[in-house]
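Me: Could you take a close look at one part of this model, the charged side chains that pair with each other, and then set that part against its surroundings? I would prefer one connected account.

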Amino acid sequence: MSADSTFESIINQVKVDVVSPTHDLDNARQLEMASRCFAIPTKEMYEYATKASLGDAVFHDPSTQALETHIAQLTGKEAALLVASGTMSNQLAIRTHLRQPPFSVICDGRSHINKYESGGAALHTGAHLIPLVPSNGGQSAPTRLICLENTLDGLILPQSDIVHISQFAHENDILMHLDGARLWHVAATTNTPMSVLCAPFDSVSLCFSKGLGAPMGTCLVGSKAFIQKAKWFRKAFGGGMRQTGIIAAAIAYALTYNFPQLPRVHALAKRLEQGLRNLGVRILSPAETCMLYYDPSPIGIGYQEVQDSAAALPRPIVVMGPRLVVHIQMTTEAIDEFLALLESLKEMRKYGLTDLPGPSGADAERGYPAAQF
């Protein structure tokens with residue numbers, strides 16, 4: 001076999017087509033489904049992204065630099081760093097702030113840093129997390145960092161409380177980090193500038209997917225020295241990226257066109273909450289912004305029953321467990337259809353027309369927690 005034919009064989013092994021013949025139809029269907037499940041990037045966002053610069057962000061990319069400069073100015077910080085995810089941003093902040101063990105990090109027990117980042121603080125930094133209760137005495141590690149999250153489970157932390165915590169922390173040489181994945185919702189609800197919301201913190205992580213609908217991306221902000229060090233750790237974590245201009249442009253589109261939609265999202269969440277209350281559903285945590293927690297057991301149904309029934313609708317709705325999240329692509333019709341579904345399940349349970357397991361059966365079996373908050 002000649003060298004040319006051998007290479008041709010390797011070419012055939014390497015090549016791949018990830019765009020199926022039905023992709024256009026599938027994407028159109030997914031955009032339609034967005035009103036009932038998760039937010040996804042729009043065609044307009046992608047079109048804008050194709051106009052971005054094609055630099056190398058490990059060294060310099062104009063669009064990425066423009067975004068980072070804007071976010072730094074918006075938050076009143078000296079510098080910003082674009083990273084792949086909120087988890088990476090939080091972990092970079094912790095690793096950059098903390099220098100020499102032993103040390104502990106105070107955070108809320110419900111926070112993303114404590115529950116959903118795969119033990120990253122211990123893994124990357126050797127830091128001990130103390131959910132809620134700070135302790136510097138006895139054999140405990142000295143507290144070096146306080147991490148807050150705003151919003152937390154959709155609830156807004158009062159800015160006055162944050163300021164008091166920050167004053168106490170800085171008076172005691174303790175640093176402050178904010179997981180501000182959904183801080184945009186706070187700004188939209190309270191009409192407070194992002195710079196004011198970020199002022200009490202030494203570093204802030206801001207997510208652009210989730211509530212804003214960008215495909216990915218988070219910015220970490222802080223002092224120039226802090227960001228320069230975080231950039232080194234980003235490289236060490238394997239987070240250096242090349243042509244991030246298209247990501248930066250998608251984020252810019254989300255900030256410009258999706259952020260203004262958040263008040264409508266919050267109104268939909270409150271509509272959902274009120275509808276649930278009218279049905280007799282227990283509200284565990286109210287809709288201050290885009291999400292709420294609920295317990296359907298007072299009307300005789302469980303989370304698994306709701307999830308299965310919503311998935312079986314002609315136009316399925318994706319729900320999982322006690323948390324309900326409303327996003328920028330969700331419609332009033334989807335909210336009303338979900339409420340109508342719960343009303344139907346309530347009536348079926350009331351008249352014994354369903355054999356589905358009750359709240360304590362299917363929910364416990366599938367691993368859903370007991371209804372509490």
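Reply: Arg349 is partly exposed, with a relative accessible area of 23%; that class lies between buried (under 20% relative accessible area) and exposed (over 50%), as found with a 1.4 Å probe and protein chains only. This is a predicted model, in which local features need pLDDT of at least 70, side-chain atom pairs count only at pLDDT 80 or more, and totals for chains, interfaces and linings use all residues. Residues are numbered from 1 along each chain as its sequence is written, while side-chain values use heavy atoms, with hydrogens and water left out.

Side chains of opposite charge can pair when their charged atoms come close. The partner of Arg349 is Glu305, and their salt bridge has its closest N and O atoms 2.6 Å apart, where a salt bridge requires a side-chain nitrogen of Lys or Arg within 4 Å of a carboxyl oxygen of Asp or Glu. Because Arg349 belongs to helix α15 (residues 332-350) and Glu305 to helix α14 (residues 303-311), the pair ties together parts that are 44 residues apart in sequence; these elements are DSSP runs numbered from the N terminus, helices being H or I over at least four residues and strands E over at least two. Glu305, for its part, is buried at 4% relative accessible area.

Helix α14 also holds Ser309, which is buried with a relative accessible area of 15%. Leaving aside residues up to four places away in sequence, Ser309 touches Leu341 and Leu345, a contact being heavy atoms within 4.5 Å.

The whole structure contains seven salt bridges, and another of them joins Arg282 to Asp295, at 2.4 Å from N to O. That pair links distant parts of the chain, since Arg282 sits in strand β8 (residues 282-285) and Asp295 in strand β9 (residues 291-295), 13 residues apart. Arg282 counts as partly exposed at 42% relative accessibility, whereas Asp295, at 2%, counts as buried.

A further salt bridge, between Glu273 and Arg277, has its closest N and O atoms 2.8 Å apart, and here both residues lie in helix α13 (residues 262-279), four residues apart, or about one turn of the helix. Glu273 is buried at 11% relative accessibility, while Arg277 is partly exposed at 42%.

As for the nonpolar surroundings, Leu276 touches Val281, Ile283, Leu292, Tyr294, Leu324, Phe338, Leu339 and Leu342, again not counting residues up to four places away in sequence. In the largest nonpolar core, which has 71 residues, Leu276 is among those that touch the most other members, together with Ile71, Trp184, Phe208, Leu272, Tyr294 and Phe338; such a core is a set of buried Ala, Val, Leu, Ile, Met, Phe, Trp, Tyr and Cys residues joined through side-chain atoms within 4.5 Å. A second, separate core of 12 residues includes Phe103, Ile113, Ala127 and Cys147, and Cys147 itself is buried, with a relative accessible area of 2%.
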